[in-house]
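Here's a walk through one protein chain, with an eye on how its helices pack and what sits in the core. Have the viewer open as you read.

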Amino acid sequence: FPSHDTNRELREGGPTLTKVKYKYLPKRPGEEDDLYRLRLQKFTYTPVMATAVRDFVAKLLAAPVHLSGIDQSDPFWSKFLNDMDGKKADQAEVLTKIFHSLLYYGRVYVGVDQAPQPQARSLLESPTPSPKVFVYEPFEVIHWSDEVWYLTRTFEYRNEPMTAPAAWSRWVYWGPDETAVYEAPVYLDRTGNIAGGFLGNRKVSKKVGIVPKVSSFQTSSGPMLVKMELPSHLWIGGQVYLKQIEHLVVENSWLDAGSVAGSIQRVFTPAPPTANNDPRYVLTQPDYEDLKVGNPYLLIGNDYKFVESTGAAIASLTSQLETIEGQIKDLVAMGFASGTRGTIAQSGLSKQIDQALLEDNLKVYGAKGVQLYQDVLELVTRLANRPEEPLVTGLDQYSTDTLAEMLEATEGLMIAADFVPDTAFRYWFAKMARLMVGSQKPEVLQGIESEMDDIFSEEDRLEL
């Protein structure tokens, strides 16, 4: 979709957006070339959408992810979960990439390839495949037939000894019975697309050539790649990017107005021509475009003064920017309070409604993430010929209660203690304990859970 390119530019910002700034700040009707170039030189950008999406993803991953059906202390799973992509990215980092792609582009592709195998120590030893997870955004999947085969293309810069960094392109064919990897050095044009390749050390402008295969392995039961696509009403990027462009345009107008506010302009009011019926008298108007001013020169007119630019539009543009920023945050569902009203200014009921809506939104996206992660782990077990049947749950505990609120509610809860099941009590106080200690290492949380079991044994429950 064309919006994918726009979302990519808005997401990356900085140098990427600067290259195409003319697309977002077109020339105004009648604007002179020099003034337009000066306005483009003052280009600025605040990534409101990127910040809102980043914070929303952080809230999504604040809930725990539970893996059952596998032993995480097993060397295979321990290594995989702590280095899922061969570059030391753990589970949280991979899920962050997945959610970012889903929210920005409405879809994501995740493939499972195998890392290069180490040399076997003996003829009797067969090395175990080491799976790697690759997260692809839509523009990196260049050809496909859904659920049959896919072709992905990515770029990276590599440093070879005694040579300058060079761009390499990596194509992966994810077929129904084979995964094949092809790589070649390329050079890119200004837009980041392939302009050509190399023949030896010489650049070749042709885009068609033989690309060597660097690795492949046989598969079964379909491609080792899964796709997740959001319905349009959940695709945040498709709903928000126009507001981000609006913010960009208004912000640059705000900067343009601010850069000339306070500047001094010279204003000369010429004398009106005097009526004269003498045909021998010719009144020549001066060239007002090239007036000479200063002490050595004499100007004859009605007035000559210096005027300071007030920048009256700045206040209006500032208010407009704040409104647009609030709308973007509301659309991304960022924060416990609505983006257009401060947390303190909101009523208690308004905050409760916002919290309930936020929890519901987080659970919807969390369920999508769990579903995709389940498919990925099934591909991992298939590739590694593992006997386990992993089950992914979680990403559904998004309570926004505070410790103070839970302590207050506990007083009322104790009145009905005789009618509350032991298990409910145990989880209520376990939740309070987690709020007390915040984010901790797994062994700390496991210790708390064990102590909670001891506290809420049958004898202790009767004493309570």
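What follows goes from the whole chain to the helix pairs, then to the cores and a few single residues.

**The chain as a whole**

Keep in mind that this is a predicted model. The protein chain has 14 helices and 14 strands. Buried residues account for 36% of its 464 residues. If you take the contacts between residues at least 6 apart in sequence, 66% of them join residues at least 24 apart.

**Helix pairs**

Two packed helices are described by the angle between their axes and the distance between the axes. Here are three pairs laid out that way.

| Helix pair | Axis angle | Axis distance |
|---|---|---|
| Helix 5 (residues 48-60) and helix 7 (residues 91-105) | roughly 130° | within 10 Å |
| Helix 1 (residues 2-12) and helix 7 | roughly 125° | within 10 Å |
| Helix 11 and helix 12 (residues 422-437) | about 155° | 10 Å |

Let's start with helix 5 and helix 7. With axes crossing at roughly 130°, these two helices are therefore oblique to each other. The crossing of helix 5 past helix 7 is right-handed. On the helix 5 side, the contact uses Met49, Ala50, Val53, Arg54, Phe56, Val57 and Leu60, and helix 7 answers with Thr96, Phe99, His100, Leu103 and Tyr104. Sorted by class, the residues of this contact come out as 9 nonpolar, 2 polar and 1 charged.

Helix 7 also packs against helix 1. The angle there is roughly 125°, so helix 1 and helix 7 are oblique to each other. His4, Asn7, Arg8 and Arg11 of helix 1 make this contact with His100, Tyr104 and Tyr105 of helix 7. The class split for the contact of helix 1 with helix 7 is 2 nonpolar, 3 polar and 2 charged. Notice that His100 and Tyr104 are listed in the contact with helix 5 and again in the contact with helix 1.

Then there's helix 11 with helix 12. What does an angle of about 155° make of this pair? Angles over 145 degrees count as roughly antiparallel, and helix 11 and helix 12 therefore fall in that class. Helix 11 passes helix 12 in a left-handed crossing. Leu403, Met406, Leu407, Ala409, Thr410, Leu413 and Met414 are the helix 11 residues in this contact, and they meet Phe425, Trp428, Phe429, Lys431, Met432, Leu435 and Met436 of helix 12. That contact holds 12 nonpolar, 1 polar and 1 charged residues.

**Cores**

In soluble globular proteins, nonpolar side chains tend to be buried together. Which members of the largest nonpolar core touch the most others? They are Phe56 and Tyr373, in a core of 81 residues. Helix 10 (residues 348-384) supplies the largest share of this core, 12 residues. Phe56 is also one of the helix 5 residues that meet helix 7. Beyond its neighbours within four places in sequence, Tyr373 is in contact with Val65, Leu67, Leu81, Met84, Gln91, Leu95 and Val392. Another core lies apart from the largest one and has 11 residues, including Met406, Phe425, Phe429 and Phe456. Met406, Phe425 and Phe429 also belong to the contact of helix 11 with helix 12.

Glutamine 374 is in helix 10 too. Is it buried or exposed? Its relative accessible area is 12%, so glutamine 374 is buried. Setting aside residues within four places in sequence, glutamine 374 is in contact with Pro390, Leu391 and Val392. From glutamine 374 to proline 390 is 16 residues in sequence and 7.4 Å between C-alpha atoms.

**Single residues to click on**

Most residues other than glycine have a negative phi, and most peptide bonds are trans. Lysine 88 has a positive phi, near 70°, and sits in the loop between helix 6 (75-82) and helix 7. Its relative accessibility is 63%, so lysine 88 counts as exposed. Leucine 395 also has a positive phi, near 50°. You'll find leucine 395 in the loop between strand 14 (391-394) and helix 11 (403-415), and at 2% relative accessible area leucine 395 is buried.

Finally, look at tyrosine 173 in strand 6 (residues 166-174). Tyrosine 173 counts as partly exposed, at 27% relative accessibility. Its C-alpha atom is 6.7 Å from that of threonine 152, which is 21 residues away along the chain. Not counting residues up to four places away in sequence, tyrosine 173 touches Trp149, Tyr150, Leu151, Glu178, Thr179 and Ala180.

Note on methods: Residues are numbered from 1 along each chain as its sequence is written. This is a predicted model: local features need pLDDT of at least 70, side-chain atom pairs count only at pLDDT 80 or more; totals for chains, interfaces and linings use all residues. Side-chain values use heavy atoms; hydrogens and water are left out. Axes are lines fitted to C-alpha atoms, for helices over the stretch in contact, and angles run from 0 to 180 degrees between N-to-C directions. Helices (H or I, at least four residues) and strands (E, at least two) are DSSP runs, numbered from the N terminus. Angles under 35 degrees count as roughly parallel, over 145 as roughly antiparallel, 65 to 115 as roughly perpendicular and the rest as oblique. A crossing is left-handed if the near helix is turned anticlockwise from the far one by less than a right angle, and right-handed if clockwise. Contact means heavy atoms within 4.5 Å. Ala, Val, Leu, Ile, Met, Phe, Trp, Tyr, Cys and Pro count as nonpolar, Asp, Glu, Lys and Arg as charged, and the others, Gly among them, as polar. A nonpolar core is a set of buried Ala, Val, Leu, Ile, Met, Phe, Trp, Tyr and Cys residues joined through side-chain atoms within 4.5 Å. Buried means under 20% relative accessible area, exposed over 50%, partly exposed in between (1.4 Å probe, protein chains only).
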